[in-house]
Amino acid sequence: MPKFQKMKKSIIFLLCLIAIACNRPSDPLFGTWQASKVHVDFDIKYTTPDMVKQIGEMEKQNRLEIKADSTMSLAGNGYILEGQIKLLSDGKLYCNDELFGIWADGKITTRTPSPFGEITVEYTKE
């Protein structure tokens, strides 16, 4: 009888752990994000409409993954950016202590300056 009671307590303990793990609220920032909108604002003196369109299409391939351990990886255009991400109370996202973007209304928006202008990418969670 004591063996059965020990096993019963072990099973109850295991079920409690599973229930707690399943009911943990997940952070809405964690997960995989896909570029959903891209706006390329380049100076027409230095670019062509075809170049702007091509850059926009390339940026739409970007995927962003944010894990529960606060690591982030951004893959796109043949490069990978990885680092530690931090979300401030005002919605600003920092990657490796540099401003990465803004998290608001369930979306992440990044702005990347270049010598030709600026690229704005909006990410939505998959």
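Let's start at Y94, whose bridge partner in β6 is L99. That pair belongs to the antiparallel pairing of β5, residues 92–95, with β6, which runs over 4 bridges. Keep in mind as we go that this is a predicted model. Between β5 and β6 there are 2 residues, making a hairpin, and N96 takes a positive phi near 50° there.

Follow the chain onward and you meet another hairpin, this one formed by β6 and β7, again with 2 residues between the strands. Here the residue in the turn with a positive phi is D105, at about 55°. The two strands pair in the antiparallel sense over 3 bridges, and if you look across from A104 you will find K107 in β7 standing opposite.

While we are on β7, let me point out T109, which lies in that strand. Is T109 buried or exposed? It counts as buried, because its relative accessibility is 18% and the cut-off for buried is under 20%. As for its company, once neighbours within four places in sequence are set aside, T109 is in contact with G101, I102, T120, V121 and E122. You can place some of those on the strands: β6 covers 98–104 and β8 covers 117–125.

Let me step back for the overall picture. The protein chain has 2 helices and 8 strands, and from the N terminus the order is α-β-α, followed by β-β-β-β-β-β-β. There are 126 residues, of which 25% count as buried. If you take contacts between residues at least 6 apart in sequence, 48% of them join residues at least 24 apart.

Now to the earlier strands. β1 and β2 pair in the antiparallel sense, over 4 bridges, with Q34 standing opposite R63 in β2. β2 then pairs with β3, residues 71–76, also antiparallel and joined by 4 bridges. In that pairing, L64 has L74 as its bridge partner in β3. The hairpin of β2 and β3 has 4 residues between the strands, and S70 in the turn has a positive phi of about 70°.

β2 itself, residues 63–66, is a nice one to rotate on the screen. Its side chains alternate: L64 and I66 point to one face and are buried, whereas R63 and E65 point to the other face and are not buried.

Staying with β1, have a look at A35, which lies in that strand. A35 has a relative accessibility of 8%, so it counts as buried. Which residues does A35 touch, leaving out those up to four places away in sequence? They are E59, K60, N62, V121, E122 and Y123. V121 and E122 may sound familiar, since both were named among the contacts of T109. You can also check the distance from A35 to L64: 8.1 Å from C-alpha to C-alpha, with their positions 29 residues apart in sequence.

β1 also takes us to the aromatic rings. How many aromatic pairs does the structure hold? There is 1 aromatic pair. F42 and F116 form it, and the geometry is tilted, with 5.9 Å centre to centre and 45° between the planes. The pair links distant parts of the chain: F42 is in β1, residues 31–42, while F116 is in the loop between β7 and β8, 74 residues apart. The two partners also sit in separate accessibility classes. F42 has a relative accessible area of 10%, so it is buried; F116 has 32%, so it is partly exposed.

Last stop, the largest pocket. About 320 Å³ of space lies in it. There are 16 lining residues, and the closest to the centre are L74, Y79, L81, F100 and T112. L74 is one we have met already, as the bridge partner of L64. Which strands each supply at least two residues of the lining? They are β4, β6, β7 and β8. By class, the lining has 9 nonpolar residues, 4 polar and 3 charged.

So if you open the model yourselves, a good tour runs from the turn at N96 through the turn at D105, then over to A35 in β1, and finishes at the pocket with L74 among the residues closest to its centre. Thanks, everyone, and I'm happy to go back to any of these views.

Notes:
Residues numbered from 1 in each chain as written. Predicted model: local features only at pLDDT ≥ 70, side-chain atom pairs only at ≥ 80, totals over all residues. Heavy atoms only, no water. 1 Å grid on protein atoms, 1.4 Å probe; cavity = no way out; pocket = protein on both sides within 12 Å on 5 of 7 lines; lining within 4 Å. Points joined across faces, edges and corners; volume = space filled by probe spheres on them. Nonpolar A, V, L, I, M, F, W, Y, C, P; charged D, E, K, R; others polar. Phe/Tyr/Trp six-rings, centres within 6.5 Å; stacked < 30°, edge-to-face > 60°. Buried < 20%, exposed > 50% of the residue type's maximum accessible area, 1.4 Å probe, protein only. Contact = heavy atoms within 4.5 Å. Pairing = 2+ DSSP bridges.
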